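Me: I have a protein model open on my screen and would like to learn how to read it. Could you take me through some features, one at a time?

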Amino acid sequence: MVNTKTKNKADPSAKTRDAERSRSAILAAARKEFSEHGLGGARVERIAAEANVHKRLVYYYFKDRDGLFSAVLEAVYAEIRDAQLYLHLQDLPPLSALRRLVEFTWDYYIAHPEFITFLNSENLHKARHLAAAPRIRELNSPLLQTLSDIIARGQKENLFREGIDPMQLYITIAGCAYFYLSNIHTLSVGFDRDLASPKLLTQRMVHIVEVVTAYVVR
């Protein structure tokens with residue numbers, strides 16, 4: 001005789017998988033919503049509908065809209081940092097490694113315009129979500145360590161000059177790409193040129209590489 005109570009008992013692992021799927025669906029929907037409307041314009045109702053879950057489930061996992069934005073922001077940062085790890089910069093000569101990092105940063109911003117949107121939104125809110133997410137600092141540490149190693153190797157080979165601050169250097173790399181892309185529409189109108197054209201995008205990347213390498217080399 002079959003014990004129906006045992007048979008019908010819920011599988012804990014299945015519940016866990018369902019919870020993970022729901023949470024992932026909510027994060028994906030929230031990422032789309034925040035990238036299109038920013039934190040101020042995002043609506044939990046639209047996020048729940050996109051994720052095909054009840055609105056209460058969004059609040060259950062993330063407490064409120066700010067909590068959800070923080071989770072999405074952390075995921076976005078984790079993705080770019082994970083991608084940087086796969087560059088294997090430690091296996092390249094120092095100057096090649098630095099150029100590769102510049103090119104990657106540029107290409108990543110173009111391929112993920114939502115990253116710039118999230119940065120803009122978070123700066124409007126004075127980085128209060130990042131400040132409450134300790135893992136953000138953990139995500140940045142490997143990047144600075146990698147850049148420090150590249151600089152040290154370049155200095156050891158008498159190729160790079162002394163006194164290079166890894167943090168300042170990375171801000172320059174990211175800033176040169178970020179400013180152009182985040183202001184591409186106003187700059188295009190101001191200079192009466194299509195700065196989003198493939199030709200000018202390539203020229204900009206080459207320019208950033210030249211600026212950064214000219215700064216570090218002796």
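Reply: Gladly! Keep in mind that this is a predicted model. Let us begin with Phe 69, which is buried, with a relative accessible area of 0%.

Me: Which cut-off lets us call a residue such as Phe 69 buried?

Reply: Buried means under 20% relative accessible area. At 0%, Phe 69 is therefore buried. Phe 34 is also buried, at 1%.

Me: How are the rings of Phe 34 and Phe 69 arranged, edge-to-face or stacked?

Reply: For a ring pair, look at the distance between the centres and the angle between the planes. The structure holds nine aromatic pairs. In the pair of Phe 34 and Phe 69, the centres are 5.0 Å apart and the planes stand at 85 degrees, so this pair is edge-to-face. The two rings link distant parts of the chain: Phe 34 sits in helix α2, Phe 69 in helix α5, and 35 residues separate them.

Me: What kind of pair do Tyr 61 and Phe 62 form?

Reply: Tyr 61 and Phe 62 form an edge-to-face pair, with 6.3 Å from centre to centre and 65 degrees between the planes. Their exposure is worth a look too: Phe 62 is buried at 5% relative accessibility, whereas Tyr 61 is partly exposed at 24%.

Me: Which residues form an aromatic cluster?

Reply: Tyr 77, Phe 104, Tyr 108, Tyr 109 and Phe 115 form one aromatic cluster. Among them, Phe 104, Tyr 108 and Tyr 109 are buried residues of helix α6, and Phe 115 is a buried residue of α7.

Me: How do I read the length of a helix such as α6?

Reply: Compare its end-to-end reach with the span expected at 1.5 Å a residue. Helix α6, residues 94-111, has 18 residues and reaches 25 Å from its first C-alpha to its last, close to the expected 26 Å. For α7, with twelve residues, the reach is 17 Å, close to the expected 16 Å.

Me: What covers the buried residues of α6?

Reply: The cover includes α5, α7, α9, α10 and α12. The residues beneath include Pro 94, Leu 95, Leu 98 and Trp 106.

Me: Where is Phe 160 found, and which residues is it in contact with?

Reply: Phe 160 is found in the loop between α9 and α10. Being in a loop does not tell you the exposure, so check the number: at 1% relative accessibility, Phe 160 counts as buried. Leaving aside neighbours within four places in sequence, its contacts include Pro 94, Leu 95 and Leu 98, along with Ile 150, Val 216 and Arg 218. For a sense of distance, the C-alpha atoms of Phe 160 and Ile 136 are separated by 29 Å, with their places 24 residues apart along the chain.

Me: Is His 129 buried or exposed?

Reply: His 129 is buried, with a relative accessible area of 3%. This residue lies in helix α8, residues 128-131. Not counting residues up to four places away in sequence, His 129 touches Leu 39, Asp 66, Phe 69, Ser 70, Leu 73 and Glu 122. Phe 69, from our opening pair, is on that list.

Me: Which residues have a positive phi?

Reply: Phi is a backbone angle, and its sign is what to check here. Lys 63 has a phi near 70 degrees, a positive value in a residue other than glycine. Lys 63 is in the loop between α4 and α5, and at 72% relative accessibility it counts as exposed. Just after α7, Lys 126 takes a positive phi of about 55 degrees. Ala 127 has a positive phi of about 60 degrees although it is not a glycine. Ala 127 is in the loop between α7 and α8 and is partly exposed, with a relative accessible area of 26%.

Me: What lines the largest pocket?

Reply: The general idea first: rolling a probe the size of a water molecule over the atoms shows where empty space is left. In this model, about 510 Å³ of space lies in the largest pocket. The elements giving two or more residues to its lining are α5, α7, α9 and α10. The lining has 20 residues, of which Tyr 77, Arg 81, Leu 119, Asn 140 and Tyr 170 lie nearest the centre. The largest share, six residues, comes from α10. By class, the lining has 14 nonpolar, three polar and three charged residues.

Terms used: Residues are numbered from 1 along each chain as its sequence is written. This is a predicted model: local features need pLDDT of at least 70, side-chain atom pairs count only at pLDDT 80 or more; totals for chains, interfaces and linings use all residues. Side-chain values use heavy atoms; hydrogens and water are left out. Helices (H or I, at least four residues) and strands (E, at least two) are DSSP runs, numbered from the N terminus. Buried means under 20% relative accessible area, exposed over 50%, partly exposed in between (1.4 Å probe, protein chains only). Contact means heavy atoms within 4.5 Å. On a 1 Å grid over the protein atoms alone, a cavity is a set of points where a 1.4 Å probe fits but cannot get out, and a pocket is an open set with protein on both sides within 12 Å along at least five of seven lines; lining residues have an atom within 4 Å of a point. Grid points are joined across faces, edges and corners, and a volume is the space filled by probe spheres set on the points. Ala, Val, Leu, Ile, Met, Phe, Trp, Tyr, Cys and Pro count as nonpolar, Asp, Glu, Lys and Arg as charged, and the others, Gly among them, as polar. Rings of Phe, Tyr and Trp (its six-membered ring) pair if their centres lie within 6.5 Å; planes under 30 degrees apart count as stacked, over 60 as edge-to-face and the rest as tilted.
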